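Biologist: I'd like a close look at one part of this model, and then a walk outward from there. Could you take me through it in one go?

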Amino acid sequence: MTFNLPPGLALQKVDERIMTLNVGPQHPGSGHMRIIVQIDGDYIVACDPDPGYVHRGEEKMAEYRNYITNIPHLERPVIHDSCNILYPYVLGAEEILGIEVPERAKYVRVIASELNRCIYIMYWLAIYGIFLGHSTMFMWPAGDRELLIDLMEKMTGARVTHAHFVPGGVRNDLPPNFEDVCLRQVNYFEKRIKEYAAVFYDNPILISRTRDTGILSRQDAIRYGTTGSVLRASGVDYDLRVKEPYDVYDELDVHTNVLKEGDSYARSKIPWLDMMESCNIIRQALQKMPKSGSVRVKLKPNPKGKGLNSVYKRVESGRGSLGCYIVSDGKTEPYRVKLSVPSFRNLIALPNLLRGEKLGNMPSVYWSLNYWPVEADR
Amino acid sequence: MSVIAPNFKLSEFIKSLLDNAFWGLLLLVLVGVPAVFMILFFIEMPVINGELLTPFLALTWLADPSRILPVVHAFMATDIFRVMAFPGFGFAALLAAATIFVERKMLAKLQLRVGPFYCGKFEGILQLMGDGLKLISKEIIIPAKADKPIFWAAPVLFVAAAASFVAFIPVAPGWVVADVDLGLLGVFAVIGFFPIITILSAWSANSKFPFIGGIRALFQMVSFEIPLILSLLGVVMLTGSLNLSEIAASQSSFPWIVFLPIGAIVFFITMLAELERIPFDLPEAESEIVAGWLTELSGMMYGLVQLGTYLKLYAFAGLFVVLFLGGWNGPMVVPPFPAEILTDGIVMGPVTAKIPGLPLFTQEMLNGALWFVLKTVAVIFFILLPRGVFPRIRIDMLLNLGWTKLIGLAFVNIFIALGLLYAGVLGPGGLQ
C-alpha cells in the first residue's frame, strides 16, 4: 500500500553532503525570523524563509478599536517607519469618515513621512553594514540617525513611535522656528550621508563582495511582486509618490532612482539614493508649505464610518508600496483592516535569490531585500 | 536619597576586617610559606659572591637592602624570569592588554563614539579587567554531545601555542626566551599548530556553526601559510640565517623593508589573515555563522582563546618588526647610567647609599627594548586599523587572493632578493 503524499509532506531523502542550518531566530544574522538553509559545502542548495515569530495580530486588534485608537498600535509593526505605516490607514480612514484635510497638514505629513523614511533607511543601513562586517557603517548611520530623530521629537513629541498622523490631519502643529531647524538639520544630514560613499559604497571590498550576487532580473522582480527599492534596483521605474501621488506629492518634484543591475549592490544603493531624494522633497515641501493655518480637522468623539464601504489606499514607504484595506460597516470600529506590507512581498524573492549562492552572501542578499521581519508578521 | 548599606555597622565591619586579616595570616603561615619553600627547594639556585643561594639565605638577604639587587640579578638570569616575565608571557600579555584598550578607544574615535568610559577613573582604562572578571566568574557550559577532553584542551593548547610563538621573538640584544638557530623554522612550526587546534576545538564541539567556522579557519590558515613562508624567504636569503636574533642584528644599518617592500606587504596581508582580523575574520563572521569556531566556548574558555589571539597578534607584530623593520636597532636615545652613582653612591643628605649591582639593565638593552616596543606598537596600530574601514571578504575571494596573487608576489619578492644577492648589492662584498 503506497501513499501519494503532497510534495511538502513527503519524506526527503537524506543526502550526506547536505547540511541544514537553522539561521535564526536566535542568530545575529537573521532578525526575528528563521531561514532554513541547506548547504552543500559553501553553496546554498535550498533556502526556506520562515517568518511568523513576531505575529501580534495587529489586523484583528484593529477590529476592536475605533478609528482613532487604532493609530498607536497599527504603527507597531515598523516603529522606525511609523509615519509611513500609518499613512495608508489614515488616508483610508479619512475617506471612510468623509474628512477633508487642510492643506498645511498635508505638507506636514509629507515632511514627517520623508523624515521617517530617512530614519528607517538609516537603521536598515546600519544593520546592512554590520551584516557585512563593517562596524563603522553600523555606528555612523546609528549616530547620524539621531539628527532626524531629534527633529521628529521636536515635531511630534516622541522619538520613535510618533502616532502623529490622525484622520483629519496631524496631531500637533509644528513648533515655532521648526522650518529653520529642519532645513539646517536636513542639509547637514545630506552632507553627512554623502560621506558614506567613501567608506562604504565606493569601498572596493564591498563592491567585489556584493556585485553580481543575488541577481533579480527585471522580469522576476515584476513576477514575484516585489516593490520599493528591490523593484527599482532591477530597473523598474515604479514609485507610488510619482505613479499614484497622494496628499501633495503631485505638487512636488520627485525623482525616482532606478538602477539596472538588480544585484545586492544595486539593492543596497537605492535606499541611500532615496535618502538624498527625501532631503530634496523635504526642502521643497518646506518652501511650498502654507506658513499658517489649521493642521487638524476636529472630529466628533467617536466617529462612525459611512455605511458599508471599503477603501484601499497605498503609499510608498521606506521599503516599498504599503497598502491598507479598510472595510467599514457603519460602526465606530472598522469591520476589517488589512495591511498589505512590502516586506512580505520582498521576502518571496529570497529563496530564488539565494539558491546557488555562497553562504557568505546570505546576509548581504537577505538584508538587501529591504525586509523588516516584524512588518511581515504584523 | 538612597541608603547604600542600610544595615551597616562599623563594629561588624572592623570585626570582619580583623577576621579576614587573621585568616589571611594563618593561611600564609600554614600554606603559603611552606609552598614557597617547597618551590624554592626544587629550583636550582644560583651562586652569588661565592655562596650558594639557599632559600634561607635568600630570605635573610631579602631583608638586607644592599644585597637585594644581586638576588634580583640572579633571578633575572634564570629561565623562569624570561619565560614568565620579561621577553616572554608577562611582557606580551601586558602589551596585549594595552592593545585591546587602544583598539577599543581608537575604533570608538573612528566611529564617532566614546568607547569604554566608566570603568576606572580615566577613560575606562579598567574595562579589560572588568571583562576578565566577568569571563572568569561565568559558568562554563559544555555542549552535551561534545568530545569533552578535546573541547577542554583546545583553548589551553591555543594559549600554549601562542605563548610558545612569543618565546621566539627577540626583544633586545640577548633578551629572548628561546634563542635557537632555527628560530624562523620554529616559528613556522608553531604557526602550523593553530589550524590543528582550531579544527580540534571546532570539531569536538559537535555543533554546526563551529564546524563551518573551523573548516573556514583551516582553509584560511593553510592557504595563507604558503605565501607567509615564501614572503620570509627573501629575508632568510639576504641574511643567510634562520636565527631571529641574528636577523635582527643584521639590520643595524638599514631595515630589510627598504629592499624587500613587496615581501613586507605580502607578509602583512598574510599576517592579517592568520590573525583572523577584519577583513579576513571569516572564521568568526557573526552574521553568517554566529561566532564561528568560538560559538560553543563560554566563560574563561572564550577568555583564554581571546588571550591567545592577542598574544598571537603581539607575536606576529614582533616578527614583522624583527624581520623587516630592524628589530631592536635604532638611534641610541636612552641616556647612559650615571657613573658617579656606581662609584660614589647615592647621596641623600647625610646618608650615602652604595648599592652594589646597580645598572639593572644595560643601556643597549633598554634602548633596544624601547625601539622594539615602539615599532611593535606602530605595526599593531596598522593591524587594528582595517577593522574600522573594511567589510569582511568572502571565502572564495580569500582563497583566490591567497593562492594566486600573494604567492605570485612572494615569488617576485624572492627574485628581487636573488637579484640583490647576485648583483652584489647585499651579502658578501656588498653593503654589509
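Biologist: Let's start with H3(A): at which residue does H3(A) bend, and by about how many degrees?

Modeller: Bear in mind that this is a predicted model. The bend in H3(A) sits at A:Pro88 and comes to about 30°. Now for the length of that helix. H3 of chain A covers residues 82-97, and its 16 residues, at 1.5 Å each, should span 22 Å. The C-alpha atoms at its two ends are 22 Å apart, so the expected span and the model agree. As for its surroundings, H3(A) is mostly covered, with 14 of its 16 residues buried. Buried here means that 20 or more other C-beta atoms lie within 10 Å of a residue's own. Right after the helix comes A:Gly98, and its phi is positive, near 70°.

Helix H4 of chain A makes a good companion piece. H4(A) takes in residues 103-131, and those 29 residues should span 42 Å at 1.5 Å a residue. Its end C-alpha atoms are 42 Å apart, so that agrees too. H4(A) is also mostly covered: 27 of its 29 residues are buried. And just after H4(A) there is a glycine with a positive phi, A:Gly133, at about 80°.

Further along chain A, have a look at A:Asn187, which is found in helix H6, residues 178-194. A:Asn187 has 13 other C-beta atoms within 10 Å, which means it counts as partly exposed. The label fits because a residue needs 20 or more such neighbours to be buried, and 12 or fewer to be exposed. Its C-alpha atom is separated by 9.9 Å from that of A:Met276, although their positions lie 89 residues apart along the chain.

On to the strands of chain A. One open sheet has 3 strands in the order E1-E2-E3, with antiparallel pairing. Strand E1 (18-23) and strand E3 (43-50) stand at the edges with a single partner strand each, so each has one side without a neighbour in the sheet. From one strand to the next, the twist averages 20°. Within this sheet, strand E2 (residues 34-40) pairs with E3(A) over 7 bridges, in the antiparallel sense. If you want a spot to zoom in on, A:Val37 stands opposite A:Cys47 in E3(A).

There is another open sheet of 3 strands in chain A, this one in the order E6-E7-E8, again with antiparallel pairing. Here E6 and strand E8 (336-340) stand at the edges, and since each has a single partner strand, one side of each is left without a neighbour in the sheet. The twist in this sheet averages 10° from one strand to the next. Strand E6 (residues 308-316) and strand E7 (residues 321-329) of chain A pair over 9 bridges, antiparallel. Across that pairing, A:Leu308 stands opposite A:Asp329 in E7(A). The hairpin of E6(A) and E7(A) has 4 residues between the strands, and A:Gly320 takes a positive phi there, near 145°. On to the other partner of E7(A): E7(A) and E8(A) pair in the antiparallel sense over 5 bridges. In that pair, A:Ile326 stands opposite A:Val337 in E8(A).

Now the other chain. Chain B has 17 helices and 4 strands, and its C-alpha atoms fill a box of roughly 70 × 65 × 45 Å along the principal axes. Of its 432 residues, 36% count as buried. Looking at contacts in chain B with a separation of 6 or more, 77% are between residues 24 or more positions apart.

Where the chains touch, 24 residues of chain B are in contact with 28 residues of chain A. On the chain B side, helix H13 (286-289) and helix H17 (395-422) each supply at least two of the touching residues. That side of chain B divides into 12 nonpolar, 3 polar and 9 charged residues.

One last stop in chain B is B:Thr78, in the loop between helix H3 (68-77) and helix H4 (79-84). With 14 other C-beta atoms within 10 Å, B:Thr78 is partly exposed. The C-alpha atoms of B:Thr78 and B:Leu401 are separated by 45 Å, and the two residues are 323 residues apart along the chain.

Definitions and conventions
Residues are numbered from 1 along each chain as its sequence is written. Chains are lettered from A and ligands numbered from 1 in the order in which they are written. This is a predicted model: local features need pLDDT of at least 70, side-chain atom pairs count only at pLDDT 80 or more; totals for chains, interfaces and linings use all residues. The expected span of a helix is 1.5 Å times one less than its number of residues. The bend at a residue is the angle between axes fitted to the seven residues ending there and the seven starting there. Two residues are in contact if their C-beta atoms, placed from the backbone, lie within 7 Å. Ala, Val, Leu, Ile, Met, Phe, Trp, Tyr, Cys and Pro count as nonpolar, Asp, Glu, Lys and Arg as charged, and the others, Gly among them, as polar. Two strands pair if DSSP finds at least two bridges between them. Axes are lines fitted to C-alpha atoms, for helices over the stretch in contact, and angles run from 0 to 180 degrees between N-to-C directions.
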